[in-house]
Structure formats: structure tokens, C-alpha cells
Amino acid sequence: MTFFPTAGAFLSSLSALPQPDEAARSAAVARQGQLTKPPGSLGRFEEIAVFMAGWQGHERPRLDRGRAVIFAGNHGIVDRGVSAFPASVTAQMVANFEHGGAAINALSRAAGLDLRVVPLDLDRPTIDFTVAPAMSEEECLAAINAGAAVVADAPDLIVLGEMGIGNSTSAAALCLASFDGSARDWVGPGTGVDDDGMARKIATVEAGLALHRDALSTPFETLRRLGGRELAAIAGAVIAARLAGVPVMLDGFICCAAVAPIAAACPDILAHCLAGHVSAEPGHMRLLRALGLDPLLSLGMRLGEGSGAATATLLVRAALAAHDEMATFAEAGVSVA
Ligand SMILES: Cc1cc2ncn([C@H]3O[C@H](COP(=O)(O)O)[C@@H](O)[C@H]3O)c2cc1C
Ligand SMILES: O=C(O)c1cccnc1
């Protein structure tokens with residue numbers, strides 16, 4: 001499926017974004033005010049229920065068809081010694097996802113999410129971005145469209161994750177290109193590199209920015225030059241979800257970095273997104289602040305795969321259960337004041 005036929009179509013979609021259904025939102029706010037509890041006493045759960053109502057367009061939103069998607073891609077910069085693991089682990093983990101043995105399989109099952117795995121040309125790593133753009137326009141657009149395709153049948157919620165050895169370095173480059181700071185502010189240990197590995201990551205990000213900075217004229221160019229297929233796919237999925245009114249749960253540093261270029265150009269693009277958690281990757285909290293997102297969980301996780309986002313979906317289930325199943329003051333015969 002070609003959701004975005006050209007890079008121009010991808011970019012112009014950012015200037016015509018649908019807003020939440022105000023009638024459904026107001027009805028959900030009114031319902032929260034009638035449930036048998038002091039007003040506001042369910043805290044963030046109330047906000048989540050109202051958020052889901054607005055994007056789904058129903059006073060009582062559902063989570064029957066929740067979907068987790070993990071996009072996978074390989075990165076040319078791995079040859080620069082930026083990960084504690086070899087690039088071959090990406091494909092090995094994809095096989096593990098397909099056999100049900102990874103953390104995201106267990107957590108998706110626990111959260112009642114259907115899991116899709118989308119490997120993106122794993123045998124063709126992106127080009128080392130310190131030498132040339134990571135992807136051609138066609139490759140980047142194909143990845144964006146692979147992301148957009150996973151929301152075609154409008155699931156109730158989409159949970160986004162990634163797998164790609166080396167992608168915490170691409171993520172740091174996308175953050176530096178999109179927001180302020182230095183390479184050091186955005187680079188972290190990822191899978192657990194030592195001090196020398198950290199220095200190689202910082203040098204890689206600095207070299208990438210030095211080469212491409214003057215050409216980063218649009219979010220598409222930033223994703224294409226410094227990103228990777230799985231990161232472009234996440235950006236495509238987030239925009240397609242917005243156009244389809246599908247709420248999104250974002251994961252850790254890498255998943256959030258994938259949307260940094262589009263959010264820097266168009267801050268409203270993340271209005272339909274929740275941040276599942278803040279990961280232990282040091283740049284993640286800084287990134288969430290730049291994106292204007294308040295994470296639901298802080299569990300010291302630093303895995304990726306959509307694992308934090310899938311876990312946070314359990315909180316959405318709790319919020320929707322309270323919103324849907326609680327009695328109103330009138331139904332329960334409880335005095336209002
Ligand atoms: C076995 C294994 C499973 C993973 N699942 C997610 N990641 C995570 O680690 C990678 C990013 O870290 P870096 O930039 O240091 O390579 C990504 O694939 C990410 O999703 C994993 C990494 C490994 C080794
Ligand atoms: O926060 C993340 O997304 C993350 C951190 C470390 C390794 N992989 C992913």
C-alpha cells in the first residue's frame with residue numbers, strides 16, 4: 001500500500017491534521033464527573049479515558065483491538081563500533097519475535113495486544129551516515145509507507161516499537177538535528193557500550209551532523225539522511241494513525257527519537273500520542289520534554305522493542321475499565337454532595 005506517494009505528500013499531511021472529536025471528548029468528561037468518586041480522584045486515568053474518547057470518537061472508548069508493531073532495520077554505522085552487539089542480532093531477534101520468545105511477546109500477551117513484526121530489508125543495511133545519506137528517497141519513502149500500512153484497518157490503539165542494532169546512535173543524531181544541545185546530551189549507552197564506545201557514538205553523531213546539517217531542510221530529509229528504515233516507519237505510522245484517528249502509545253528513547261523530526265517541524269503532530277514510559281537512556285527525559293510528553297511509567301527499562309509502551313497499555317486498560325464499568329451517582333443512589 002502506498003499511503004504517501006511522494007515525500008511531498010508525506011510533508012503536506014503535516015499541515016492538515018485532524019483534531020479529536022470534541023463531542024465524544026466532552027461526553028467523556030461529563031461521564032467522569034458523574035461516576036461514583038470525588039471529581040478528579042482517578043487522576044491520570046481520567047485524562048487517559050478522555051484522550052481515548054476524543055481520538056476514537058466514542059464516549060466509552062474500547063481496547064478490544066489493540067496492536068503492537070515492531071519495526072526492524074539494520075544500520076551501516078554499526079561498523080563504527082557504536083553498539084555492544086553485532087548487527088546480526090537484529091535478524092536473530094526478529095526470528096525470536098516470530099517464535100514468541102522476546103520480552104515484547106510476553107508483554108504484548110500480558111497486555112492483550114496483537115503483535116506484528118515488520119522486518120525492513122534487513123539484508124540491506126542503511127549507509128553509514130557519516131559518509132552519505134543513510135537512505136535514498138525511495139528507500140525512506142518505502143519505509144514510511146510500511147509504517148503507515150499498519151494502521152490501515154484502524155486498530156483501537158497502536159503500540160510502536162523498534163529493533164535495530166546501532167539505532168540508539170541514529171536516534172541521538174535525529175534528536176540533535178531536531179532540537180538543541182550537543183551530541184553528548186543525546187548519546188547514551190544503548191545496549192551498554194563502555195566509555196570508548198560512548199566516545200565512538202558521540203564522534204559518529206558529530207560527524208553525521210557536520211556532513212548533513214545544511215541539507216536537513218525538512219523532516220523527510222532528516223529521517224532519510226540520519227535515520228533508518230525502522231525509524232522512518234515509526235514516523236509514517238504516527239502520521240497515518242493521526243490521519244485515521246488512531247491513538248498511539250510511544251515507547252522509549254529510540255521510538256520517540258523517530259518522531260523528533262516531524263514534531264520539531266509540527267509540534268501538534270503528537271496530540272494523539274501517549275508516552276508509555278521514560279527509559280533509562282539518559283536522553284529520553286530531555287527528549288520527552290522537547291516533545292511535550294509526560295511519560296506514564298518510569299521503571300528503569302532500557303530495552304526498546306515497544307516493551308515499555310506495551311506495559312503502559314495495561315494502564316490504558318485500567319483507565320477504560322473504570323470509565324466504562326463504574327456506576328454513576330444516580331445509578332448507585334450515592335449522594336452527590
Ligand atoms: C538481544 C537484544 C534485544 C534487543 N531488543 C531491543 N534492543 C535494543 O537495542 C538496540 C539499540 O541499542 P544499540 O544502539 O546499543 O545497538 C535496538 O535494537 C533496541 O531496540 C535489543 C538489543 C539486544 C542486544
Ligand atoms: O529507550 C530505548 O528506546 C532503548 C534504550 C536502550 C536500548 N534500546 C532501546
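**Exercise 1. Two helices side by side**

Task: In which hand does helix 2 pass helix 3, and at roughly what angle do their axes cross?

Solution. This is a predicted model.
Step 1: helix 2 passes helix 3 in a right-handed crossing.
Step 2: find the axes. Those of helix 2 (residues 22-34) and helix 3 (residues 43-56) come within 7 Å. They cross at roughly 150°.
Step 3: name the arrangement. Angles over 145 degrees count as roughly antiparallel. Helix 2 and helix 3 are therefore roughly antiparallel to each other.
Step 4: list the contact. Helix 2 brings Ala24, Arg25, Ala28, Val29 and Gln32. Helix 3 brings Glu46, Ala49, Val50, Ala53 and Gly54.
Step 5: sort these residues. The contact has 6 nonpolar, 2 polar and 2 charged residues.

**Exercise 2. Another partner for helix 3**

Task: How are helix 3 and helix 15 placed to each other, roughly parallel or roughly perpendicular?

Solution.
Step 1: the axes of helix 3 and helix 15 (residues 307-325) come within 8 Å. Their crossing angle is roughly 85°.
Step 2: the range from 65 to 115 degrees counts as roughly perpendicular. So helix 3 and helix 15 are roughly perpendicular to each other.
Step 3: find who meets whom. Helix 3 offers Phe45, Ile48, Ala49 and Met52. Opposite them in helix 15 are Leu315, Val316, Ala318, Ala319, Leu320, Ala322 and His323.
Step 4: by class, this contact holds 10 nonpolar residues, 1 polar and no charged.
Step 5: look back at Ala49. This residue serves in the contact with helix 2 and also meets helix 15.

**Exercise 3. An oblique pair**

Task: At about what angle do helix 7 and helix 9 pack, and which residues meet?

Solution.
Step 1: helix 7 (167-178) and helix 9 (residues 195-212) pack at about 45°, with axes 9 Å apart.
Step 2: that angle makes helix 7 oblique to helix 9. Their crossing is right-handed.
Step 3: from helix 7 come Thr169, Ala172, Ala173, Leu176 and Ala177. They meet Lys201, Thr204, Val205, Gly208 and Leu209 of helix 9.
Step 4: the classes are 6 nonpolar, 3 polar and 1 charged.

**Exercise 4. The sheet**

Task: What is the strand order of the open sheet of 5 strands, and which are its edge strands?

Solution.
Step 1: the order is 2-1-3-4-5, with parallel pairing.
Step 2: the edges are strand 2 (114-119) and strand 5 (273-275). Each pairs on one side only.
Step 3: on average, neighbouring strands are turned by 25° against each other, direction ignored.
Step 4: take one pair. Strand 1 (residues 66-72) and strand 3 (residues 157-163) run parallel and are joined by 7 bridges. Ile70 has Gly161 of strand 3 as its bridge partner.
Step 5: add a helix. Helix 4 (residues 88-99) lies across strand 1, strand 2 and strand 3. To strand 2 it runs at about 150°.

**Exercise 5. Two ligand shells**

Task: How many residues surround ligand 1, and how many are around ligand 2?

Solution.
Step 1: ligand 1 is surrounded by 19 residues. The closest are Ser83, Ser168, Gly190, Thr191 and Gly304.
Step 2: the largest share, 3 residues, comes from helix 7. The shell divides into 8 nonpolar, 9 polar and 2 charged.
Step 3: ligand 2 has 14 residues around it. Gly252, Phe253, Ile254, Ser279 and Gly304 come nearest.
Step 4: helix 12 (residues 253-258) gives the most to this shell, with 3 residues. The classes are 4 nonpolar, 7 polar and 3 charged.
Step 5: compare the names. Gly304 is listed among the closest for ligand 1 and among the nearest for ligand 2.

Technical notes:
Residues numbered from 1 in each chain as written. Chains lettered and ligands numbered in written order. Predicted model: local features only at pLDDT ≥ 70, side-chain atom pairs only at ≥ 80, totals over all residues. Pairing = 2+ DSSP bridges. Helix = DSSP H or I, 4+ residues; strand = E, 2+ residues; numbered from the N terminus. Axes fitted to C-alpha atoms, helices over the stretch in contact; angles between N-to-C directions. Contact = placed C-beta atoms within 7 Å. Parallel < 35°, antiparallel > 145°, perpendicular 65-115°, else oblique. Left-handed = near helix turned anticlockwise from the far one by under 90°. Nonpolar A, V, L, I, M, F, W, Y, C, P; charged D, E, K, R; others polar. Near = placed C-beta within 6 Å.
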